[in-house]
Amino acid sequence: MHIIITGGAGFIGSNLILHLMDTYPDYHILNLDKLSYASDPAYLKRVENNARYNFLHLDLVNRKMVRDAIRDFKPDGIFHLAAESHVDNSIDGPEPFVMSNVVATFNILEEFRQYQTGSGKPGDARFLHVSTDEVYGSLGPGGFFTEKSPYAPNSPYSATKAGSDFLVRSYYHTYSMNVITTNCSNNYGPHQHDEKLIPTVIRSALRHEPIPIYGKGDNIRDWLYVEDHCRALDLAFHDGKAGETYVIGGHNEWKNIDLVRQICRIMNAVTGEGPEGDYQNLMSFTADRPGHDQRYAIDPSRIESELGWRPTGTFLNHLENTVRWYIDRYKE
Ligand code: NAD
């Protein structure tokens, strides 16, 4: 099988490539990535010399390069993860989000469609589009996002992801393309860029700098371990129904402030080097993010019942492993 992964040098993409290479000995993977500030090719060191792994440095906004890559590699399927992914950056400058999340998605979707039409097998090969629960906007204290939740994006990031979801949807209804969309909650684990919440908390704590918390820290996120997300993408790609959406989440809601406290407690136990014995002394509240969604939470019943997916392990174990991974990274 020839499989393209876009955005494979980023957080989730690199974890997904390692998962697929380990799970499927017949997979030949081509990673298409523009190597943005969020990428780190070192994440893929373990496979970089493997004959089944190839990397092509390209910006998906360049349609000619996308066309050539697809026609040369002849993929049997695509996992599309490439995106600008940080909400704060989308507030500071939305244009790269329109280019990488909407235009780039159009380019790879359309070029894959044309390639399949030209090869006489339209609709055969699967296109899995990886999206976010943020497209559904914000929840109040009750309820969950499901596949039927109405779209209500509130940031340029989520608006551009919503735009890409609609393009993918339209290619199923208009061209019968074999597409699936997944909308996942917040991921955590190794390989995430420094700018995101959990790496920021750990890095600030290790340096004895203020640990920034937006507003009162009462925003709620539903945290999923990145390897559980990768297994969900694997299942959706292989067993999911064409044209369907699957929301993915781990029934694991945390207020930001409680999550920060928990990370500090783990760090107290692991390093014992917090100020006056407790990293929580560094917690510091900052002005809230504009348009900050209050709560995200997923009801993953469909992927659980249709595809048999379940998150593995316990949150506290995964979080501790994650904390240890970043401590090693920042102590280098
Ligand atoms: P990331 O920012 O860590 O990595 C994104 C990768 O995509 C980077 O390597 C970057 O260079 C690449 N990329 C971006 N624009 C590109 C372009 N125009 N051409 C080629 N490569 C490009 O992001 P992530 O956290 O790994 O997220 C991956 C996907 O999962 C995104 O689509 C994101 O919306 C989605 N998602 C993320 C989360 C999360 O918690 N991180 C949750 C749900 C969904």
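I began with helix α1, residues 11–23 (helices are DSSP runs of H or I, at least four residues; strands are runs of E, at least two; both are numbered from the N terminus). Its 13 residues reach 19 Å from first C-alpha to last, close to the 18 Å expected (1.5 Å times one less than the number of residues).

The model is predicted: local features need pLDDT of at least 70, side-chain atom pairs count only at 80 or more, and totals for chains, interfaces and linings use all residues. Residues are numbered from 1 along each chain as its sequence is written, and side-chain values use heavy atoms, without hydrogens and water.

Next I checked burial (buried is under 20% relative accessible area, with a 1.4 Å probe and protein chains only). Eleven of the 13 residues of α1 are buried, so the rest of the structure largely encloses the helix. Among them are Phe11, Ile12, Gly13 and Met21. I looked up the cover: it includes strands β1 (2–6), β2 (28–33) and β3 (53–57), and helix α7 (226–239).

Then I turned to the ligand. Its shell holds 28 residues (a heavy atom within 4 Å). Ile12, Asp33, Ser85, Tyr157 and Lys161 come nearest. I noted that α1, β5 (126–132) and α5 (156–175) each supply at least two shell residues. The largest share, three residues, is from β5.

Last, I listed polar contacts (N or O pairs within 3.5 Å). Backbone N or O atoms lie 3.2 Å from a ligand oxygen at Gly10 and 2.8 Å from one at Ile12. A polar backbone atom of Leu60 is 2.9 Å from a ligand nitrogen. The protein covers 96% of the 830 Å² of accessible area that the ligand has on its own (Shrake-Rupley, 1.4 Å probe).

Terms used:
Buried means under 20% relative accessible area, exposed over 50%, partly exposed in between (1.4 Å probe, protein chains only). Contact means heavy atoms within 4.5 Å. A polar contact is a pair of N or O atoms within 3.5 Å; within protein, one must be able to donate a hydrogen and the other to accept it, and residues adjacent in sequence count only if both atoms are side-chain atoms.
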